Amino acid sequence: MIYLITGGERSGKSSYAENLAKELSDKPMYVATARKWDDDFQKRIDRHQKDRDERWTNIEKEKHLSEIYFSGKVAVIDCVTLWLTNFFVDTKNDVELCLKQAKSEFDAIANQKDTTIILITNEIGMGVHADTHIGRKFTELQGWMNQYLAKKAHTVVLMVSGIPVTIKGN
C-alpha cells in the first residue's frame, strides 16, 4: 500500500503521516532523507527526532532508499522534496537524470512485498514562482515526480491548513 501525503509548507503533512503510521503499526519506521546542510537544519532534525517516541525505528538515508528492507513494515519517508534535492545537487541540476534515478529508487521500494509506504512531499509549484532558473527547474522536477508518485499511490491526501483532504483512494 502506498500513501502520498502532499501539501504546502507547514500544512500538517508530517503529523498526519506519523499518526497514520502509528495507526497501521505498533513499530513504524521513519526514513529521513534530509542532508544536514547547516546547524539550523541539524536543529530541525533534532526537534523532529525528539517528537518520535521509542516505537519508531529511525533510518537516515539521503538517496538510495532501495537499500532499506521495507517488506512487512509500515514506513514514513520524509520527505520526497529533500530526497529529490539530493539527486538534483549530485547530478549538477540535471532534471532528466534526477527523475530517472528517483523513479528507479521508488520503483524498487514499491515492489517490495507486504509493504506500506507513506510518502511526504511538497506542492512547491503552488507557492511563489521561483526567482531563479535553477529554482524553476527544481519546481518542474518536483511536479513531475509528484505526478509519478500520485499515479502509483493507492491513496493521495492533500493537507490544507492541517485538514486532510483525500483526493485519491479511500
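## Guided tour from helix 3 outwards

Select helix 3 (residues 80–90): Val80, Thr81, Trp83, Leu84, Asn86, Phe87 and Phe88 are buried there. Buried means under 20% relative accessible area, exposed over 50% and partly exposed in between, with a 1.4 Å probe and protein chains only. Helices (H or I, at least four residues) and strands (E, at least two) are DSSP runs, numbered from the N terminus. The model is a predicted one, in which local features need pLDDT of at least 70, side-chain atom pairs count only at pLDDT 80 or more, and totals for chains, interfaces and linings use all residues. Residues are numbered from 1 along each chain as its sequence is written, and side-chain values use heavy atoms, with hydrogens and water left out.

**Around helix 3**

Keep helix 3 selected and add helix 4, strand 5 and helix 5, against which its buried residues pack. At the end of helix 3, select Lys92, which follows the helix and has a positive phi near 55°.

Now show helix 3 with helix 4 (residues 95–110). Helix 3 and helix 4 pack at an angle of about 130°, with their axes 9 Å apart. Axes are lines fitted to C-alpha atoms, for helices over the stretch in contact, and angles run from 0 to 180 degrees between N-to-C directions. This angle makes helix 3 oblique to helix 4; angles under 35 degrees count as roughly parallel, over 145 as roughly antiparallel, 65 to 115 as roughly perpendicular and the rest as oblique. Trp83, Leu84, Phe87 and Phe88 of helix 3 make the contact with Val95, Cys98, Gln101, Ala102, Glu105 and Phe106 of helix 4. Contact means heavy atoms within 4.5 Å. The crossing of these two helices, helix 3 and helix 4, is right-handed: a crossing is right-handed if the near helix is turned clockwise from the far one by less than a right angle, and left-handed if anticlockwise.

**Helix 5**

Add helix 5 (residues 133–152). The axes of helix 3 and helix 5 come within 11 Å and cross at roughly 125°, which makes helix 3 oblique to helix 5. This crossing of helix 3 and helix 5 is again a right-handed one. On the helix 3 side, the residues to colour include Val80, Thr81, Trp83 and Thr85, and among their counterparts in helix 5 are Ile134, Phe138, Leu141 and Met145.

Hide helix 3 and compare helix 4 with helix 5. Their axes come within 10 Å and cross at roughly 25°, so helix 4 and helix 5 are roughly parallel to each other. The crossing of helix 4 and helix 5 is right-handed. Where helix 4 meets helix 5, Val95, Cys98, Leu99 and Phe106 are among the residues of helix 4, and Leu141, Trp144, Tyr148 and Leu149 are among those of helix 5.

**The sheet**

Turn to the strands beneath the selection of helix 5, which lies across strand 1, strand 5 (116–120), strand 6 and strand 7 and runs at about 140° to strand 1. The open sheet has 7 strands in the order 3-2-4-5-1-6-7, with mixed pairing. Its edge strands, strand 3 (57–60) and strand 7 (163–168), each pair on one side only. Neighbouring strands of the sheet are turned by 20° against each other on average, direction ignored.

Select strand 5, where 5 of its 5 residues are buried. Thr116, Ile118 and Ile120 lie on one side, and Ile117 and Leu119 on the other. Two strands pair if DSSP finds at least two bridges between them. Strand 4 (residues 74–78) pairs with strand 5 in the parallel sense over 5 bridges, and Val76 stands opposite Ile118. Strand 1 and strand 5 are also parallel, over 4 bridges; Ile2 has Ile117 as its bridge partner in strand 5. Strand 1 (residues 2–7) further pairs with strand 6 (residues 155–160), in the parallel sense over 5 bridges, with Tyr3 opposite Thr155.

**Two buried polar residues**

Select Thr33, in the loop between strand 2 (29–32) and helix 2 (39–51). Thr33 counts as buried because its relative accessibility is 0%. Its side chain reaches the backbone oxygen of Cys79 at 2.8 Å; a polar contact is a pair of N or O atoms within 3.5 Å, where within protein one must be able to donate a hydrogen and the other to accept it, and residues adjacent in sequence count only if both atoms are side-chain atoms. Not counting residues up to four places away in sequence, Thr33 touches residues including Lys61, Asp78, Trp83 and Asn86.

Finish at Glu18 in helix 1 (residues 13–24), which is buried with a relative accessible area of 11%. Not counting residues up to four places away in sequence, Glu18 touches Tyr30, Arg52, Trp56 and Val76.
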